[in-house]
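Student: Please give me a close look at a single part. I want the helix contacts, with the cut-offs spelled out as you go.

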Amino acid sequence: MSLEERFRIVRSVGEECIQEDELLNLLEKKPQPVCYDGFEPSGRMHIAQGVMKAINVNKLTSAGCKVKIWIADWFAQLNNKMGGDLKKIKVVGEYLIEIWKAVGMNLEGGQVEFLWSSDEINSRANEYWPLVMDIARRNKLPRIVRCCQIMGRNEQDELTAAQIFYPCMQCADIFFLKADICQLGMDQRKVNVLAREYCDDIKRKNKPIILSHHMLPGLQQGQEKMSKSDPSSSIYMEDEEAEVNLKIRKAYCPPQIAAGNPCLEYIKYIILPWFNEFKVERSPQNGGDKIYKTFEELAVDYESGELHPGDVKPALAKSLNKILQPVRDHFKNDANARELLRRVKSYKVTK
């Protein structure tokens, strides 16, 4: 694969890249760059976390990257997820891994590594904590508070001391894992920028490259992102076919408006990358079947009224169900996975 092709694939993962010239230089100099992404195990997995993550990881590994997925159990505890119960948090973490295996994340060849934050930090504490302390020492409190968006909080929230600690630790993770690329959502951007600023402070030349992926909105009007505490806002990875159909049928999908339309966002960021096409089945009286290969082509038809929400929704639900069926099968047929799901569903989601 040529350098240009590798760059195109890796760059396509991010809505924003800081900085593109650094990314090109990295791919030229390093045969297997290290990408890092992290997740708090905090409840059931929605489709952005499941399918979009699998799409992005598969792109990165196809371009020769190694991907370290940080199962941030201690971070979930700091952020009071699952009521701060580490045993429950670990069960949720195991469940996340089962889903990624089932949905088709390419785990062959050892290019993807799942790492538990508690295990890794405990085993190399002498490396980790001096780094956290140095980052904390070099930053004023307001700068750290500005990063609280990474935890799903805002600057006006009353933060615990543990939540003040959290951004310093997440910033340290990037260096601790020897990550060349931070491949997280746009909502994690502030702490990734903090890591680049820290490089300036310590006169480090090689800064981590930030590759921030798009955040899928919730399915209801005005929901900027999916919410684990609102089941109607997202498709869960083990939702039954009828649940998917109902959620999509009730989803916000204004006629002739493509911008900010969650159904069209699902097509753009999930269906088209997964299938390389979006198939709409209609009767001949309603225009007949049509296959879209690009989002631009679909948006033109939708905005003109040629493509109606009544066409989009059944086709979207059908495509989503095709992607999710192997996950459902895995959780029905594998006893361990089934028990993990039962336990996760029994836990109360804490904000």
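Tutor: Helix H1 passes helix H2 in a right-handed crossing. A crossing is right-handed if the near helix is turned clockwise from the far one by less than a right angle, and left-handed if anticlockwise. This is a predicted model: local features need pLDDT of at least 70, side-chain atom pairs count only at pLDDT 80 or more, and totals for chains, interfaces and linings use all residues. Residues are numbered from 1 along each chain as its sequence is written, and side-chain values use heavy atoms, with hydrogens and water left out. Helices (H or I, at least four residues) and strands (E, at least two) are DSSP runs, numbered from the N terminus.

H1 covers residues 3-11 and packs on H2 at an angle of about 130°, with the axes 10 Å apart. Axes are lines fitted to C-alpha atoms, for helices over the stretch in contact, and angles run from 0 to 180 degrees between N-to-C directions. H1 and H2 are therefore oblique to each other. Here under 35 degrees is roughly parallel, over 145 roughly antiparallel, 65 to 115 roughly perpendicular, and the rest oblique. H1 brings Leu3, Arg6, Phe7, Val10 and Arg11 to the contact, and H2 brings Glu20, Leu23, Leu24, Leu27 and Glu28. Contact means heavy atoms within 4.5 Å. Six of these residues are nonpolar, none polar and four charged. Nonpolar covers Ala, Val, Leu, Ile, Met, Phe, Trp, Tyr, Cys and Pro; charged covers Asp, Glu, Lys and Arg; the others, Gly among them, are polar. Just before H2 (20-29), Gln19 lies in the loop that follows strand S1 (16-18). The peptide bond from Ile18 to Gln19 is cis, with omega near 0°.

Now H7 and H9. The axes of H7 (residues 125-137) and H9 come within 8 Å and cross at roughly 125°. H7 and H9 are therefore oblique to each other. Their crossing is right-handed. On H7 the contact uses Glu127, Tyr128, Trp129, Leu131, Val132, Ile135 and Ala136; on H9 it uses Phe165, Cys168, Met169, Cys171, Ala172, Asp173, Phe175 and Phe176. By class that gives 13 nonpolar, no polar and two charged residues.

Tyr128, Trp129, Phe165 and Phe176 also join Trp70 in one aromatic cluster. Rings of Phe, Tyr and Trp (its six-membered ring) pair if their centres lie within 6.5 Å. Phe176 has a further partner: the charged end of Arg124 sits over its ring, 3.9 Å from the centre. That call needs NZ of Lys or CZ of Arg within 6 Å of the ring centre and within 35 degrees of the ring normal.

H9 (residues 161-176) also meets H10 (residues 189-201), with axes within 9 Å and a crossing of roughly 65°. H9 and H10 are therefore roughly perpendicular to each other. H9 passes H10 in a right-handed crossing. Pro167, Gln170, Cys171, Ile174 and Phe175 of H9 touch Val191, Asn192, Leu194, Ala195, Tyr198 and Cys199 of H10. Nine of these residues are nonpolar, two polar and none charged.

Technical notes:
Phe/Tyr/Trp six-rings, centres within 6.5 Å; stacked < 30°, edge-to-face > 60°.
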